[in-house]
There are 2 protein chains.
Amino acid sequence: MDPHLLRTFVAVARLASFSAAARELGYTQSAVSQHIAALESDLRTELLTRRPVAPTPAGERLLEHAGPLLLRLEAARADVLRLAAAPPGRVTVATSPLAVGPRLLSALPATGVTLRVLPPAQVPAVVAAGECDLGLVDGLAAPSDPLRLPDVAPLRVTGIGEEELAVLIPAGHPLAGRAAVRLDDLADARWLDAPGIGLAPAVRTAPALHYDGTDLHALCALAAAGHGLALLPLPVARAAPAGVAVPLVSPRLVHRTELLAPGAPTGAALAVAARLTGGPS
Amino acid sequence: MDPHLLRTFVAVARLASFSAAARELGYTQSAVSQHIAALESDLRTELLTRRPVAPTPAGERLLEHAGPLLLRLEAARADVLRLAAAPPGRVTVATSPLAVGPRLLSALPATGVTLRVLPPAQVPAVVAAGECDLGLVDGLAAPSDPLRLPDVAPLRVTGIGEEELAVLIPAGHPLAGRAAVRLDDLADARWLDAPGIGLAPAVRTAPALHYDGTDLHALCALAAAGHGLALLPLPVARAAPAGVAVPLVSPRLVHRTELLAPGAPTGAALAVAARLTGGPS
DNA sequence: CCCGGTTACGCTTGTCGTAAAGATT
DNA sequence: AATCTTTACGACAAGCGTAACCGGG
């Protein structure tokens, strides 16, 4: 179960070829063959069928473990390395689109910060891997409940804000005049599915349209044009250039944003983190 | 970042001694020294102070990663090995005390099952490591919300039941006559803290008494005798030999129990899992 | 036949143990 | 002085590459 063997195993499984994996990893075909043979003899099981190359059931199972395992290993390495390196003045912050708000903007120092907007699902991994010093993620949660994040590595999580939710409804829609809606009212509605922005997965019904970008403006435009409803934080929905923001009152959910830090942040990152957690809302 | 190096690193840190770690791991002191040196040169950082042997800040950080990492690695190995081994007729089920109820008892086949009662926090690790084929955990959650479990490994989680909560109150207590209580009513109450059984950690106030066992009967006796209140599933509290069970109506929380399975359960474990998820409640 | 995975074999590298040296209390 | 870690060094095994081998399309 050497990580090197695991790494070539996932490469072979992904590429469905020993030789392609060898090229990708800078080994010879022979070495890759020996790696797989070593793994299989260690576990006393066939992990791959040859010709065609495909994982056996046991191989499938190992693949489920190997990915997170290698991710954590790399994250651990990067984390310690970053801690050891002299803290540079620059701070890079990974953030999901909806976490970019007045709070973040007022907490940023005048200079020396790089912002990296990513789909919420990728933020924890990027922070864990040490590519960014801090992370901001947002999502749906019951009031004052923490978010459910994948724990790729031990990260410090701090809640830094909660907001009401609203549904962005096109102007002509029958519900557009309501002062508030319940999710039940919208049981048959068609929702926009935007994994790059978040919030949508909470709704169970079949989505009307997939949007793969991270651009909030585009999502609002789609919603206002009637391509489907969008679930957004109330302030964001209010600020949309078109469409009507109707607060969602049931179930009691809020839009929550949290700060992720690898261990205790150091140096310049610490200052930003402090302003985010303790600073003005 | 070889797992072997990591393993000796945690051993050295835990024992605060190179030579003790060497004895424990079956190496010579020299080999341990070389392991640590290899890690430190790889990460280009001091991880331990010598004389006395203690982790540096970077070492502390690495320790946080190393534990879960090694656990997952071992879990992955055990999982694949177990899948590969011919499924024996015996099934072992790890369960937290409060998950043992009529549902489980009726789902068990007449023979071939070993039950292992553990504190809820240990159940996921035991299932992940393949020591048990199935796991049952219980805990507090908002209705129809999944439990928050540590993800030591990719486990299949299935909710199999939710119950109302109740507070077990000694007979003479002022609240004993109430038809229902809110958590606010009990803000100043003293709670029993029983991590081996669960549920207590949801309450924030300082506990009156720690109970480290997993025996439900003992906990009920303590509560009935006035040593502190106990938060229990309503049916369990009702069945207590003494004390009064008062339903908890606010906040809206339920006692939830979930089934953990490593990947898809196989053979005899599958049959038990099916009866637990689909069987009579 | 050709493509691709396996096996054989030599070489390099890494890893462990023994033993001597160095440091710290 | 005693204890514990480090360093030096030799033996052994592991891992990789070259090259020959085989099994399917």
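1. DNA strand C first. Among the 15 residues around it, those that come nearest are A:Ser19, A:Ser33, A:Arg50, B:Thr28 and B:His35; a residue is near a strand here if one of its heavy atoms lies within 4 Å of it. Keep in mind that this is a predicted model, in which local features need pLDDT of at least 70 and side-chain atom pairs count only at pLDDT 80 or more, while totals for chains, interfaces and linings use all residues. Residues are numbered from 1 along each chain as its sequence is written, chains are lettered from A and ligands numbered from 1 in the order in which they are written, and side-chain values use heavy atoms, with hydrogens and water left out.

2. What part of strand C does the protein touch? Of the atoms of DNA strand C within 4 Å of the protein, 67% are sugar or phosphate and the rest belong to bases. Two serines of chain A have a polar side-chain atom by a phosphate oxygen of this strand: A:Ser19 at 2.6 Å and A:Ser33 at 2.7 Å. A:Ser30 instead has a polar side-chain atom 3.1 Å from a base oxygen of DNA strand C. (A polar contact is a pair of N or O atoms within 3.5 Å; within protein, one must be able to donate a hydrogen and the other to accept it, and residues adjacent in sequence count only if both atoms are side-chain atoms.)

3. On elements, α2 (18-25) and α3 (29-43) of chain A, together with α3 (29-43) of chain B, give two or more residues to the surface near DNA strand C. Helices (H or I, at least four residues) and strands (E, at least two) are DSSP runs, numbered from the N terminus. The largest share, four residues, comes from α3(B). By class that surface has three nonpolar, 10 polar and two charged residues, with Ala, Val, Leu, Ile, Met, Phe, Trp, Tyr, Cys and Pro taken as nonpolar, Asp, Glu, Lys and Arg as charged, and the others, Gly among them, as polar.

4. Now DNA strand D. It is surrounded by 17 residues, the closest being B:Phe18, B:Ser19, B:Gln29, B:Ser33 and B:Arg50. Sugar or phosphate makes up 61% of the strand D atoms within 4 Å of the protein. A:Ser30 turns up again, with a polar side-chain atom 3.1 Å from a base oxygen of DNA strand D. On phosphate oxygens of strand D, a polar side-chain atom of A:Thr28 lies 3.0 Å away from one, and a backbone N or O atom of B:Phe18 lies 2.8 Å from one.

5. Which element gives the largest share of the surface near DNA strand D? That is α3(A), with four residues. The residues there divide into four nonpolar, 10 polar and three charged.

6. On to the protein interface. 35 residues of chain A are in contact (heavy atoms within 4.5 Å) with 35 residues of chain B. The two chains bury about 3300 Å² between them, 59% of it on carbon and sulfur atoms; buried area is the accessible area (1.4 Å probe) that two parts lose on being put together, summed over both. In chain A, A:Arg61, A:His65 and A:Arg148 lose the most area to chain B.

7. Charge pairing: there are eight salt bridges between chain A and chain B (a side-chain nitrogen of Lys or Arg within 4 Å of a carboxyl oxygen of Asp or Glu). One of them joins A:Arg156 to B:Glu64, with the closest N and O atoms 3.2 Å apart. α4(A) gives the most to the side of chain A that touches chain B, 18 residues.
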